[in-house]
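Me: I would like to go through this model and ask, label by label, what each description rests on. Please set each value against its cut-off before you conclude.

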Amino acid sequence: LNGYVGFANLPKQWHRKSIRRGFNLNVMVVGESGLGKSTLMNTLFNRNLYSASSAAIPATEKPSAVEIESLSADIEENGVRLHLTIIDTPGFGDAINNTDSWTSIVSDINNRFDTYLEAESKVTRNTIADTRVHALIYFIEPTGHSLKPLDITFMKQVHGKVNLVPVIAKSDTMTEEEIVEFKQRINDDIITHNINIFKPAQFENDDDDTILSTQDLIAKIPFAVVGSTTAVTTADDRQVRGRSYPWGVIEVDNEEHCDFVRLRDLLVRNFLEELRERTGNVLYENYRTEKLKKMGI
Ligand code: GDP
């Protein structure tokens with residue numbers, strides 16, 4: 001039942017070296033509890049990353065309202081190995097006063113940069129374990145209004161440090177028209193507040209199909225997602241991952257029903273390498289330059 005994650009789908013994004021050695025992807029998920037974060041991650045990678053029986057090692061790094069927990073899994077497809085780490089942030093947005101909701105998240109992102117910087121400055125630096133955050137998926141509550149102050153504040157705190165990927169959580173709770181309008185308001189807020197979100201680069205020398213599909217992907221941002229790991233039966237008797245309603249089934253893997261497929265394309269199928277490269281070449285480099293400047297080096 002659609003068990004394929006698809007990170008080995010497009011050989012053009014892989015260097016031979018990555019194929020031989022495998023590679024890693026570190027995804028941070030942030031959003032109020034109950035917005036479907038763990039369900040969506042389980043749906044994306046098609047396994048029970050969050051189940052109690054998994055090899056998950058919760059690592060609380062700071063005694064704070066918001067905790068930082070890492071879950072890892074090794075996935076192999078078509079002879080390519082992916083070491084996946086999900087960095088969850090339970091407790092975010094759950095307090096009555098959320099003023100400091102982002103501080104432990106921001107310092108965790110910084111710590112990861114610092115660890116890399118330290119490793120890089122050592123003499124023998126052949127293989128540096130890359131624990132930096134390659135993408136941060138931010139879950140927006142499907143209110144239909146606009147961004148909340150906490151959404152705006154948080155995104156502004158992290159947009160210079162991570163590839164920020166905002167998504168509309170549980171979009172099956174909204175109608176199609178509501179989603180279109182909600183996306184418009186969110187995008188207006190993003191522009192008004194100068195929030196820098198991740199958009200795949202477009203290249204003039206890409207072929208027409210690639211240009212069109214990238215444009216289509218960008219036009220759907222912020223992705224309206226639905227998560228489900230359970231199989232349901234559609235009216236025409238197909239078994240799909242989805243959610244059942246009296247009026248029918250919302251299919252997770254159907255582009256006509258929600259943007260889950262687009263999120264998966266962006267995260268693992270088409271732009272995984274770009275996310276990793278931008279993390280190293282732009283976000284980390286900016287952090288490093290700033291840090292060295294502050295130290296007077
Ligand atoms: P988390 O606290 O953000 O990790 O949220 P969970 O993944 O634990 O989901 C909270 C509840 O919402 C569970 O009952 C899920 O079954 C349900 N849920 C998860 N994803 C969706 C979705 O896309 N749509 C709807 N309607 N419910 C969802």
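Me: What makes the approach between the side chain of S104 and the backbone oxygen of V66 a polar contact?
Reply: This is a predicted model, and in it a polar atom of the S104 side chain lies 3.3 Å from the backbone oxygen of V66. The cut-off for such a pair of N or O atoms is within 3.5 Å, so 3.3 Å meets the distance condition for a polar contact.

Me: Where is S104 found, and why is this residue called buried?
Reply: S104 is found in helix 3, which covers residues 103-121. Its relative accessibility is 3%, and because buried means under 20%, S104 counts as buried.

Me: How do you know that F113 and Y284 form an aromatic pair, and why is the pair called tilted?
Reply: The structure holds seven aromatic pairs. In the one formed by F113 and Y284, the rings lie 5.9 Å centre to centre with 45° between the planes; the centres must lie within 6.5 Å, and an angle that is neither under 30 nor over 60 degrees counts as tilted, so both parts of the label follow.

Me: What makes this a link between distant parts of the chain, and are the two residues buried or exposed?
Reply: F113 belongs to helix 3 and Y284 to helix 8 (residues 272-294), and the two are 171 residues apart. With relative accessibility of 2% for F113 and 1% for Y284, each falls under the 20% limit and therefore counts as buried.

Me: Why is the pair of Y245 and W247 called stacked, and how is the accessibility of each residue described?
Reply: Their rings are 4.8 Å centre to centre with 5° between the planes, and because planes under 30 degrees apart count as stacked, the label applies. Y245, at 27%, is partly exposed, since this value lies between 20% and 50%, whereas W247, at 59%, is over 50% and therefore exposed.

Me: Which residues form a cluster with F113 and Y284, and what makes R132 a charge over a ring there?
Reply: F113, Y116, Y284 and Y287 form one aromatic cluster. R132 lies over the face of Y116 at 3.6 Å from the ring centre, and over the face of Y284 at 4.8 Å; the distance limit is within 6 Å, so both values satisfy it.

Me: Which residues have the most contacts inside the largest nonpolar core, and what does M41 touch?
Reply: That core has 80 residues, and M41, F45 and L136 have the most contacts inside it. Leaving aside neighbours within four places in sequence, M41 is in contact with V29, L49, Y50, I86, I137 and F139.

Conventions. Residues numbered from 1 in each chain as written. Predicted model: local features only at pLDDT ≥ 70, side-chain atom pairs only at ≥ 80, totals over all residues. Heavy atoms only, no water. Core = buried A, V, L, I, M, F, W, Y, C linked by side-chain atoms within 4.5 Å. Buried < 20%, exposed > 50% of the residue type's maximum accessible area, 1.4 Å probe, protein only. Contact = heavy atoms within 4.5 Å. Helix = DSSP H or I, 4+ residues; strand = E, 2+ residues; numbered from the N terminus. Polar contact = N/O pair within 3.5 Å; in protein donor to acceptor, adjacent residues only side chain to side chain. Phe/Tyr/Trp six-rings, centres within 6.5 Å; stacked < 30°, edge-to-face > 60°. Lys NZ or Arg CZ within 6 Å of the ring centre and 35° of its normal.
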